[in-house]
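Dear colleague,

I am handing over a structure for you to look through at your own pace. Please open it first, and then read the notes below beside it.

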Protein chains: 2
Amino acid sequence: MTTGRAYHHGDLRRTVLTAALDVITTEGPAALSLRDLARRAGVSHAAPAHHFGDRAGLLTAIATEGYGLLAAALGETGDLRDLGVRYVRFATSHPAHFQTMFRPELLRPDAPELLAARERTRSRLRTAVEGYGEDPAIGFMAAWSLAHGFATLLLSRNLDDPLDGRDPEEAFRALTGEMFRATGSPPRRTGR
Amino acid sequence: MTTGRAYHHGDLRRTVLTAALDVITTEGPAALSLRDLARRAGVSHAAPAHHFGDRAGLLTAIATEGYGLLAAALGETGDLRDLGVRYVRFATSHPAHFQTMFRPELLRPDAPELLAARERTRSRLRTAVEGYGEDPAIGFMAAWSLAHGFATLLLSRNLDDPLDGRDPEEAFRALTGEMFRATGSPPRRTGR
DNA sequence: AGGCAATCTAGTCACTGTCAAGATGCTGGG
DNA sequence: CCCAGCATCTTGACAGTGACTAGATTGCCT
């Protein structure tokens with residue numbers, strides 16, 4: 001019944017994933033209901049569990065995918081400021097992934113695919129920041145904190161007033177301009 | 001039964017609140033169960049609802065209290081860097097409040113006490129940052145993003161590696177030192 | 001053609017939030 | 001002093017949820 005073919009939905013895994021992203025985008029990861037996702041996909045209430053195990057498994061899959069997408073979104077820029085802008089852009093264009101990635105209490109903490117994807121993305125960030133300040137670890141934390149804080153406040157609708165209609169990416173660019181103005185090595189511009 | 005006096009627990013509201021803070025600290029706001037809190041307080045399953053209405057009401061109360069505590073924790077410093085350190089210190093010493101404050105999807109979005117407390121704290125931040133950069137709104141977002149990002153990454157256990165045993169507050173101080181080094185007006189030191 | 005594993009269904013259980021109706025104890029006005 | 005009213009708490013019920021089990025269906029591989 002439901003969609004046509006009774007058994008073997010075809011691509012249930014992907015269908016559930018995108019439905020989940022929809023829900024998370026509008027109502028947050030806490031509002032996720034496996035049964036609701038099953039209804040949306042037109043399958044029985046226990047079907048999603050077969051693909052993801054349980055709720056934490058589904059969210060872990062989303063987070064893992066998110067780290068992959070983030071790594072791709074960051075690209076190969078050598079410009080630190082561009083890197084930050086891309087980080088912010090990823091958060092606004094993939095809010096569900098972004099939110100889920102930073103809610104460890106909802107994930108399987110030791111899922112190997114997740115750990116691998118996260119480490120790959122993190123080392124990408126780390127090497128990109130290298131050579132900008134004196135202490136690489138401090139510089140890494142500084143750059144990440146700035147971009148992450150901006151993205152987080154943006155998604156939680158805490159920057160609406162100060163932005164006042166401005167484009168978030170442009171605001172972030174201005175913001176980094178003000179802060180990084182005279183650090184050790186100025187960012188070399190790459191063609192974006 | 002349970003604790004001695006049958007009816008009229010005495011301070012159920014506060015008891016439930018602190019139990020909730022306990023749970024949120026270790027397992028996050030999503031793991032909160034009103035029935036579990038009732039059990040911990042030795043009270044019937046529907047008793048908490050009388051004080052908070054529903055789950056969102058409880059979390060809204062926590063967030064409201066959090067904004068008050070944050071305003072108090074920020075104090076009256078004129079030193080921008082100290083202000084950031086205090087922001088980070090608040091996040092680490094009141095993790096449950098901090099996390100709840102920035103999860104709007106779990107809160108009553110238009111609770112007047114919440115809006116008032118938030119606006120009071122936010123304007124405190126805004127005026128503190130005023131006069132540091134060129135564009136006040138940009139400076140406000142920059143300072144807040146940096147402190148908030150650091151605090152958020154810290155609480156989600158994303159900075160464990162780069163910190164490598166260092167004291168978070170000291171790391172944040174070093175971090176701001178590197179970033180703000182040559183902005184418009186250097187922070188004037190106040191006796192802390 | 002036949003079996004096998006992947007996929008999905010159906011049924012169940014304990015748990016949760018929320019609501020309604022009733023019980024209990026405090027408090028202040030006569 | 002007492003009793004009416006009110007805040008507080010209990011009890012019971014209902015729908016929705018995640019998770020588990022056993023069984024049905026289907027595509028694939030040899």
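Please keep in mind that this is a predicted model. A good place to begin is A:R35, where a polar atom of the side chain lies 2.5 Å from a base nitrogen of DNA strand D. The side chain of B:H51, by contrast in its partner atom, has a polar atom 2.5 Å from a phosphate oxygen of DNA strand D, and an N or O atom in the side chain of A:S33 is 3.5 Å from a phosphate oxygen of that strand.

Looking at the wider surroundings, there are 24 residues around DNA strand D, and those that come nearest are A:R35, B:H9, B:S44, B:H45 and B:H51. Of the atoms of DNA strand D that come within 4 Å of the protein, 60% belong to sugar and phosphate. The surface near DNA strand D is made up of nine nonpolar, 10 polar and five charged residues, and at least two residues of this surface come from each of two helices, α2 (34-41) of chain A and α3 (47-52) of chain B.

The two protein chains can also be compared with each other. A turn of 180°, with a shift of 0.0 Å along the axis, lays chain A on chain B with an RMSD of 0.0 Å, and the two copies are therefore related as by a two-fold rotation axis. The residue of chain A that comes closest to this axis is A:G149, whose C-alpha is at 1.7 Å. Because 100% of the interface residues of chain A are also interface residues in chain B, the copies meet through the same surface.

With best wishes

Note on methods. Residues are numbered from 1 along each chain as its sequence is written. Chains are lettered from A and ligands numbered from 1 in the order in which they are written. This is a predicted model: local features need pLDDT of at least 70, side-chain atom pairs count only at pLDDT 80 or more; totals for chains, interfaces and linings use all residues. Side-chain values use heavy atoms; hydrogens and water are left out. A residue is near a molecule or strand if one of its heavy atoms lies within 4 Å of it. A polar contact is a pair of N or O atoms within 3.5 Å; within protein, one must be able to donate a hydrogen and the other to accept it, and residues adjacent in sequence count only if both atoms are side-chain atoms. Helices (H or I, at least four residues) and strands (E, at least two) are DSSP runs, numbered from the N terminus. Ala, Val, Leu, Ile, Met, Phe, Trp, Tyr, Cys and Pro count as nonpolar, Asp, Glu, Lys and Arg as charged, and the others, Gly among them, as polar. Copies are superposed by least squares on the C-alpha atoms of residues with pLDDT of at least 70 in both. Contact means heavy atoms within 4.5 Å.
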